[in-house]
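Good morning, and thank you for joining this group meeting. Please have the sequence and the three-dimensional view open before you as I speak.

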Amino acid sequence: MTDITTRAQHLEKLLGAPWDAANPAGFAAVVAADEREETAQAAEAVLDEFGLLAEFVPRALGGRLDRIDHMIELMRSVYRRDPALGLARAGQLLASVNVWTAGSPEQQAGAAELLLDNRRIACAFHELAHGNDIAGNEFAARRAGSGLVLHGRKESIANLDLADALVILARTDPADGPRAHSQLFLPAGLLAPGHVRRLPRFRSVGMRGVRLGGMEVTGLPVPDGLLLGAPGTGVETASRAFQVTRLALPAMSTALLDTALRVTLHHTRRRRLYGREAAALPMVRTTLAEAFADLLVCEALSRTAARALHLCPESGSVHAPAVKYLVAGVLTDAVQRLATVMGSEFYRRDGEHAVFQKIVRDVRPVGFGHIARAACLSALLPQLPGLLGRARRAPDPAPAALFTAEAELPEPDLPRLRLAAGGRDPLVSSLGTVLDEDLPAAVRPLAEEHVRGFAALCEAGAVLRPRQLSITAEVPVRELAARYTVALAAAACLGVQRTAPAGEFLARPEWLQAALVRLGGMERAVPAGLPPAVEDALFEELLHRDDHHLSFGLTGRPYA
């Protein structure tokens, strides 16, 4: 199978209908496994049968990865049923993308062989004492003769006990500096018990099926040939690889909102209150329509950014933290609002809607796992003056291939990813040209509002000074970075609607109106209601997709 639609349909068929109580990979089995702090073993077996880890292996190495947006869309089928199951498998992407970025041909072939054989590679980067500051990590690899000796602790490694290999970030120079760390690609068989002590598992509130463990290493000798890339390039490699994973994992997580919406519809369409279907109550309709609009915003931004990794990879250092910041925040807020509609059903751990309380818990780590949202703004800040200055001076339409579903893309070239965009962001630069387009009449005032807001942002960015853009940046300066993510999302939604085929839902103005209204509320930090006709159109589309078992995201593809 090579076509993404065929692969996605096949995976859906294997996973089966989530509402079927007898389905060993359905919601009931997933909730039961979550109570045991595990993932459903039958679902794990299905993913092995499908060969899911091949989706993370480039085609040149025998896998199926040729488009990051396609990989994300397929993974949503897994996240839709169990986010912990999805994250446990996506952890292989966290590790392997470093190998694809900087590994030798032999290391890349070895990693591909593991994943194509359904074996695991764990990622050992973060240390609890240093959080997102991986450049401060203390786990050390010291030179000893012709090899290295490892010392230190890595406390938070997903599924370490299942791993056949690890990608480890280690300090190879005791002095601080940009070249103080290296990466190692280490077979798990080298973790000799006399030198390695396994640490107790962390128990978590959300994503309980992901086994978080750690290790304490004392004097473990390893060969020098395990270094991944040149010595001293560990943080640089991680920073480039993070541009894929910090974008892809939040993008996969939009499936949590898809499921939360579906469960809320399932509940409210079957419950009667005050003599009518609960879904017909104004507050319920409004919340459902707004959550639908929020989902479309998240997927428009994340799909556009994923395609930009192929077309203009230098912008990945901007788009990845922007996607993580905005998408994680919107998803969390939307699920919480749906919980108010679910009422007492939202915290039940039994019954047909029990998966909802799991989604409420599992969505929270989307905001801090891998990198915290606050750290994403810190990553954006140093680039903000250059980005805003260039967009102000040279607005330019974005390539249509960033938005159109059927556009051909070159295969991802991960070594081309750069640590900084050099002021280049074709997505945000297009916002200054959208008023030249033939916009729907109802959309133009909203587009004008976003263009004015971006112009004001550019004015504010023009007076920023380097000393204001560090990790100690004041709150008003950090808010400028947050506003930049909103501008990116608005440009993505405008591009998706403009390039959508005539007759499709995405070509209609109503969802774009809703998206721009929701984004405008984020820009002003004041929620704005949807016009009644727009709310009606979104609600009708929700019901249509629910009745026909279609996803609520951009693709509207069939779900089992």
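I shall go through several helices and their packing, and then turn to a few individual residues.

Please keep in mind throughout that this is a predicted model.

Let us begin with helix α9, which runs over residues 282-311. This helix has 30 residues, and from its first C-alpha to its last it reaches 43 Å. That is close to the 44 Å expected at 1.5 Å a residue. How many of the 30 residues of α9 are buried? The count is 26, so α9 is largely enclosed by the rest of the structure.

One of the elements to consider beside α9 is helix α8, residues 254-268. Before describing the pair, a general remark may help. Two packed helices are described by the angle between their axes and the distance between the axes.

For α8 and α9, the axes come within 10 Å and cross at roughly 160°. Angles over 145 degrees count as roughly antiparallel, and therefore α8 is roughly antiparallel to α9. The crossing of these two helices, α8 and α9, is left-handed. On the side of α8, the contact is made by Thr254, Leu257, Asp258, Leu261, Thr264, Leu265 and Thr268. On the side of α9, the residues are Val284, Leu288, Ala291, Phe292, Asp294, Leu295, Cys298 and Glu299. By character, the residues of this contact between α8 and α9 divide into nine nonpolar, three polar and three charged.

You may notice how the numbers in such lists are spaced. An α-helix has 3.6 residues a turn, so residues three or four places apart point the same way.

Helix α8 also contains threonine 259. Is this residue buried or exposed? Threonine 259 counts as buried, because its relative accessibility is 1% and the cut-off for buried is under 20%. Leaving aside neighbours within four places in sequence, threonine 259 is in contact with Phe27, Arg80 and Ile359.

Ile359 brings us to a second pair of helices, since it appears in the contact that α11 makes with α10. Helix α10 covers residues 316-342 and helix α11 covers residues 355-362. Their axes come within 10 Å and cross at roughly 155°, which makes α10 roughly antiparallel to α11. Here, too, we may ask about the handedness: α10 passes α11 in a left-handed crossing. From α10, the contact is made by Val335, Gln336, Leu338, Ala339 and Met342, and from α11 by Phe356, Ile359 and Val360. The residues of this contact of α10 with α11 divide into seven nonpolar, one polar and no charged.

I now turn to helix α18, residues 532-547. Helix α18 has 16 residues and reaches 22 Å from its first C-alpha to its last, close to the 22 Å expected at 1.5 Å a residue. Which residues of α18 are buried? They are Val534, Glu535, Ala537, Leu538, Phe539, Glu541, Leu542, Arg545 and Asp546. Against which helices do the buried residues of α18 pack? They pack against α8, α9 and α17, the last of these being residues 509-524.

The segment after α18 deserves a moment of attention. Histidine 549 has its place there, and its phi is near 55°, a positive value in a residue other than glycine. Serine 551 lies in the segment after α18 as well. With a relative accessible area of 1%, serine 551 is buried. Leaving aside neighbours within four places in sequence, serine 551 is in contact with Asp258, Arg262, Arg545, Gly556, Arg557 and Tyr559. Of these, Asp258 is named in the contact of α8 with α9, and Arg545 is listed among the buried residues of α18.

A positive phi is also found in asparagine 159, where the value is near 55°. Asparagine 159 is in the loop between β3 (147-158) and β4 (163-171), and at 5% relative accessibility it counts as buried.

Two threonines complete the presentation. Threonine 499 is in helix α16, residues 475-499, and counts as buried at 19% relative accessibility. Threonine 499 and leucine 402 are 97 residues apart in sequence, and 9.6 Å apart in space, C-alpha to C-alpha. Threonine 6, by contrast, lies in helix α1, residues 4-15, and counts as partly exposed at 38% relative accessibility.

Thank you for your attention.

Note on methods:
Residues numbered from 1 in each chain as written. Predicted model: local features only at pLDDT ≥ 70, side-chain atom pairs only at ≥ 80, totals over all residues. Heavy atoms only, no water. Helix = DSSP H or I, 4+ residues; strand = E, 2+ residues; numbered from the N terminus. Expected span 1.5 Å × (residues − 1). Buried < 20%, exposed > 50% of the residue type's maximum accessible area, 1.4 Å probe, protein only. Axes fitted to C-alpha atoms, helices over the stretch in contact; angles between N-to-C directions. Parallel < 35°, antiparallel > 145°, perpendicular 65-115°, else oblique. Left-handed = near helix turned anticlockwise from the far one by under 90°. Contact = heavy atoms within 4.5 Å. Nonpolar A, V, L, I, M, F, W, Y, C, P; charged D, E, K, R; others polar.
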